[in-house]
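Trainee: I have a new model open and would like to learn how to read its features. Could you walk me through a few of them?

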Amino acid sequence: MVKKILGIFILLIIIIFFSIYVVVDKIFIKKTITNIEKKLNLNIYLHEDYSFNIFPKLSLLTKFDLDKENLNLFIENAEFEIYKNYNHKPAAYFLNAESVRIEKLIIHDLEADGNIYKYSNDSLNSHLEIYPKGYIKYQLNTDEKNSLKFVKLILSRINLPESYKKLSNFIISILEEDMSFVSKFTLDRELLTINYFDSTKNELNFKLNGTYNLKSNIVDIIVKLDSNKENFMEFKITDNVKNPYIQILSNDNSINYNFFFNDIEKIFEGEVDNILKNLMGND
């Protein structure tokens, strides 16, 4: 009698766990993936069936590719795991991807872990943290590489203020070589905070922090460029993300611009002429 009761009890446990797995697998997970695809207008391709574990922790692991063609965003060979230990701590997750491509900008060997304190399909009720790190490179074609060589030649022959030289060297180094970075992002209701985004390249430091309001589309971002721990240039980006107001100021005041992004061509339309005049004057 005892054996029968114990057998029935074990069988019930197996049936309950199997039912939970079927519900989660066939309804919750697939529905969530479908909702994400529809809401964000992207495509998710699973490499293999996702694995769902109950012991020793509650976890979900999936491997996938993703693309969002209207933004030219592609993620390749990605792996995502979300898990919850049996304690009162928040759920955690880990994401790694071999490659994330946005236009010609590529992030490779991406690793990002974080915590989910609260999540909702409505971001107004979400609170997430993420710590991405990896390497950034820019994919140049042959013509662009040749153009870059020509630009370097021009810059070597003209007299530029020190801030221009440092900025030019920093941009060229980013285009020619990989750049590592570490960062932290926080989503608290509708406010996305870039707590820090730091990168170092050839004794030049790139530091970015600020906020982006997902509801109002308002950004407030500060970018600082340091050389040997001395700040030589600062960018401030504010207002609506579709046409932000940008302020650029170097410590020697040789660079001092204030403009809306959509007016950038008008602001810099005379700079090419100035460069050519300097080049001719140094022949």
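Mentor: Happily! Let us start in a loop: Asn217 sits between β10 (204-213) and β11 (218-227), where strands (E, at least two residues) and helices (H or I, at least four) are DSSP runs numbered from the N terminus. Before going on, note that this is a predicted model, in which local features need pLDDT of at least 70, side-chain atom pairs count only at pLDDT 80 or more, and totals for chains, interfaces and linings use all residues. Residues are numbered from 1 along each chain as its sequence is written, and side-chain values use heavy atoms, with hydrogens and water left out.

Trainee: What is the sign of phi at Asn217?

Mentor: The general idea comes before the case. Most residues other than glycine have a negative phi. Asn217 is not a glycine, yet its phi is positive, about 60 degrees. Asn253 has a positive phi too, of about 65 degrees, and lies in the loop between β13 (245-250) and β14 (256-260).

Trainee: How do I read accessibility for Asn217 and Asn253?

Mentor: Buried means under 20% relative accessible area, exposed over 50%, and partly exposed in between (1.4 Å probe, protein chains only). Asn217, at 22%, therefore counts as partly exposed, and so does Asn253 at 47%.

Trainee: Is Ser59 buried or exposed?

Mentor: Ser59 is buried, because its relative accessible area is 6%. This serine belongs to strand β3 (residues 58-68). Beyond its neighbours within four places in sequence, Ser59 is in contact (heavy atoms within 4.5 Å) with Ser51, Phe52, Asn53, Glu81, Ile82 and Tyr83.

Trainee: Now the helices. At what angle do α2 and α3 cross?

Mentor: Axes are lines fitted to C-alpha atoms, for helices over the stretch in contact, and angles run from 0 to 180 degrees between N-to-C directions. The axes of α2 (residues 142-157) and α3 (residues 162-176) come within 12 Å and cross at roughly 160 degrees. The two helices are therefore roughly antiparallel, a label for angles over 145 degrees.

Trainee: Which residues of α2 and α3 meet?

Mentor: Leu148, Lys152 and Leu155 of α2 meet Ser168, Ile172, Leu175 and Glu176 of α3. By class, four residues of this contact are nonpolar (Ala, Val, Leu, Ile, Met, Phe, Trp, Tyr, Cys and Pro), two are charged (Asp, Glu, Lys and Arg) and one is polar (the others, Gly among them). An α-helix has 3.6 residues a turn, so residues three or four places apart point the same way.

Trainee: And which residues of α3 are buried?

Mentor: Those are Ser163, Leu167, Ser168, Phe170, Ile172 and Ser173.

How values were computed: Angles under 35 degrees count as roughly parallel, over 145 as roughly antiparallel, 65 to 115 as roughly perpendicular and the rest as oblique.
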